[in-house]
Amino acid sequence: MKYIKFLLVFGFTVFTAYFLDHKIPIGEKPTPPLGKILNPFLGLWQNGEGSEFDDQTLNHPSLKEDVTIIYDARKVPHIYAQNLEDALFAQGYVEAADRLFQMDFSTKATEGRLSEILGKKMIDFDKERRRFGLAYAAENAVKSWNKFPDKIASLQTYVEGVNAYISSLSPKDHPIEHKLIGDKPEQWSIYRSALFFKSMAEVLCSNEKDVRNTNTLKFLGEEEFDYLFPEINAKESPIIPKGTKWEFDPIQIKPNAETELSYIKDLRDQRPNEGVGSNNWAVDGSKTASGYPILCNDPHLNLTLPSIWYEIHIHTPEFNAYGVSLPGMPGVMIGFNDNIAWGETNVGHDVLDWLEIEWANEEKTKYMLDGKETNIEYRVEKIKTKEGNTVLDSVKYTVWGPLSHHHVKNDYTDLAMHWLSHSGTDLPEFMTFVELMQAKNYDGYAKALESYVSPAQNFAFAAKDGDIAIHVNGILPAKAKGHGRFVQKGNISESGWDTFIPREQIPKVLNPERGFISSANQRSADVDYPYYYTGGFEDYRGRSVNQNLAEMENIVVDDMKKLQWNSHNIKAQEFTPIMLSMLSSDRKEKYSTEVNELESWDFFFKQESKAATIFEIWYTQFYKMTWDEMYSRWSEYKMMTPESWRFLEVLLDQPNSKYFDIEDTDKRENAQDVLNLSFDKAIDKLNEIKDKKGSLKWGDYRKINIGHHLEVPAFSAIDVVTDGHPSTINATNWGFGPSWRMIVELGEQPKGHGVFPGGQAGNPSSPYYKNSVEPWSKGEYYTLNAPHDPKDIKEQLFELKMGHEK
């Protein structure tokens, strides 16, 4: 009997040990090994973080002198160093200390290495990352950066700071997420910083419409395409004020090569996210109550936890800078110092073209270029999996770039990608934000921008000496009219761009007469700008910003807070009266509640507004029913649909045109028919929403989810209620929004205000992980304190002292 008991106990022990040390499949997702997670010495218990900390001292041989870091009541680090190199070392250290998993995981994802840590289910994801050429782009960037040994030393110092923190860790100190997925952080490198930089380029400058435009042109014909898709919106208010004189002689540009049209199947499901972007503006002293400029910036990005931004203050005897950084790169990306303030929005010019390859043999190992056979080059990608296997993927490269695996014509892949960010450029672009935080005036700002490459940004500027400016900045291809709007021929060199707009001829303005500068992702310049460009541009926010700023006088900081929070929608203002005027009287009577909401609406997308939800649902139904011909073919050949502003013009100019005829009915419908039918569908949809959400309030219908990288609900902020819409200044959407709001009033001492939807810590157990989500959702701000003396920091959490290792 005792042997039976022994065997039972022994069996139970073995089972328990196995259960605790292995991932156990439950449903589609296996649970993490519970033994490692619950281990009191190495597991999650070691990651608990309270609101109080002990002062720390760190000695390191890379430091030249002592560095003091004070963490304030929100866990913002205030770095006090005696030189730039030590300051950047400390920046790398504190960013790794608070955001290590974010830095490590995001760059592994960019490189296409998630199969190593999440298993074979991520193979397709990793293949897609590698076929896009992001690691290739990062490698080329590092080659270019190494040409500037004096500059890259600053980046290397930052890298050493990151690694100093990583090297200080034992397994019990690894981030929670690393423990959950059974991974560990890797040493940082200049290459990993380049990967991070290229991931931002993918987000901000890889958008293109070539295939969709080509399919739509083939479907409609040239005359109808040109009618429905004009490139210029007459109502748009460009970044550089209309009437600006272009006092230069443009360079000569080679003509665009002809394009042969054919339908191309796009295997991706990428639909444009209309309205998501960024705002920045600055007003000069003539428009403010203080007589000094005020600069504002709110970049709109995918909202995540941890936040993409990290708040930081860096002080040396030479400069005193405060703002937000991107963990993985040195410097302050958006911020201010004692003399200037700066901020960015995305330019949106098209710098990614697709070219159709003409194969020279059946094996597709050679292709034609300028009448000659050219060999394909292969980059063999080795994808390792957590299960211990290695998957090989041979990616074909042409003179243009990697071959697409997403586009199919006649059942084979034949498009090559020509993307600006794949190429190395002989500029130390990583130094732009390091130099900006040291700039003292307009000349210093302009000098810092000279090294910047991509993704192109609208750099707003203001200085306490009174100057305001904005530069559309980056490397931008010089293209002939229409070049890059459609798929190009890949068998002739003329299809590519090999010249760039001279930097001094890229649109910019200093101290405009109107007293303000601004950008909101609209077109860079008016139609008289001598260079052609295409891309994705926003049509409403820029108008809203400029209309408001033009009317404002005696501006104070609170006025700027209200403007960043502004949810007035010009699109709704223009469409709603017309849509109501075309609605039948019987529907107005039957659905008087919904109609009355719209008739009394002020066109603000506030969380309490029911009219905002009614309009959004009705407009969406109306739009999709009008352009049903394009939507019905989406699964076969993805096409473009007209922009909202053009839709309005067609509605007003040709309400009886064929575009309003519904393809699946025998009747010939006009605009009024479609509008009334769309209202019926909208009512059905609104009733569904009311049943599901219990309300038609905009805040109840459109809730924002701020997700964690691993999609763990407990690590996320779910169902955040706030104002805004993609077409309003406060441009919020389901998972997008102002990722950092900043307002800086220049003066003898700058006064900063800011907030982002997250927190300083990357540790989900920290009280500083998402403590700022609620203030952000309410339009509240923190004061951004950048004292020269660390003794002036109030409510100090703890102090970290760094010293040179003797």
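This report walks through confidence, a covered helix, some aromatic contacts, a small sheet and one loop residue in a predicted model.

## Confidence first

Let's start with how far the coordinates can be trusted. The mean pLDDT for the protein is 91, and 91% of the residues reach at least 70. Two stretches to watch are residues 24–31 and residues 40–46. Residues 24–31 have a pLDDT below 50 and make eight contacts in the model beyond near neighbours in sequence. Residues 40–46 are also below 50, with 18 contacts counted in that way. Where pLDDT is low, the predicted coordinates should not be read in detail.

## Helix α21 and what covers it

Helix α21 spans residues 644–653 and is mostly covered, with seven of its 10 residues buried. Those buried residues are Ser644, Trp645, Arg646, Phe647, Leu648, Val650 and Leu651. If you want to see what sits on top of them, look at α11 (222–228), α16 (570–582), α19 (610–626) and α22 (671–693), which are among the covering elements.

Arg646 deserves a second look. It is on the buried list for α21, and its charged end sits over the ring of Tyr227, 4.4 Å from the ring centre. There is another arrangement of this kind elsewhere: the charged end of Arg74 sits over the ring of Tyr782, at 4.1 Å from its centre.

## Aromatic pairs

A search of the whole structure turns up 44 aromatic pairs. One of them joins Tyr227 and Tyr659: with ring centres 6.1 Å apart and planes at 15 degrees, the pair counts as stacked, because the angle is under the 30 degrees cut-off. Tyr227 belongs to helix α11, while Tyr659 is in the loop between α21 and α22, so the pair ties together parts 432 residues apart in sequence. How covered are the two partners? Tyr227 is partly exposed at 23% relative accessibility, because buried requires a value under 20%. Tyr659 is buried, with a relative accessible area of 11%.

For an edge-to-face pair, try Tyr452 and Phe459, whose centres are 5.3 Å apart with 75 degrees between the planes. Tyr452 is buried at 3% relative accessible area, and Phe459 is buried at 0%.

## A three-stranded sheet

Next comes an open sheet of three strands, in the order β9-β27-β28 and with mixed pairing. The edges are β9 (304–305) and β28 (717–720); each has a single partner strand, so one side of each is left without a neighbour in the sheet.

β9 pairs with β27 (residues 704–708) in the parallel sense, over two bridges. For a handle on the register, Leu305 has His708 of β27 as its bridge partner.

## Glu494 in its loop

The last stop is Glu494, in the loop between β24 (488–489) and β25 (508–510). Its relative accessible area is 49%, which makes Glu494 partly exposed; that class runs up to 50%, so the value still falls inside it. Setting aside neighbours within four places in sequence, Glu494 is in contact with Lys254, Ala257 and His483.

And how far is Glu494 from Glu629, in sequence and in space? They are 135 residues apart along the sequence, and their C-alpha atoms are 34 Å apart.

Methods: Residues are numbered from 1 along each chain as its sequence is written. This is a predicted model: local features need pLDDT of at least 70, side-chain atom pairs count only at pLDDT 80 or more; totals for chains, interfaces and linings use all residues. Side-chain values use heavy atoms; hydrogens and water are left out. Buried means under 20% relative accessible area, exposed over 50%, partly exposed in between (1.4 Å probe, protein chains only). Helices (H or I, at least four residues) and strands (E, at least two) are DSSP runs, numbered from the N terminus. Contact means heavy atoms within 4.5 Å. Rings of Phe, Tyr and Trp (its six-membered ring) pair if their centres lie within 6.5 Å; planes under 30 degrees apart count as stacked, over 60 as edge-to-face and the rest as tilted. A charge sits over a ring if NZ of Lys or CZ of Arg is within 6 Å of the ring centre and within 35 degrees of the ring normal. pLDDT is the predictor's confidence in each residue, from 0 to 100. Two strands pair if DSSP finds at least two bridges between them.
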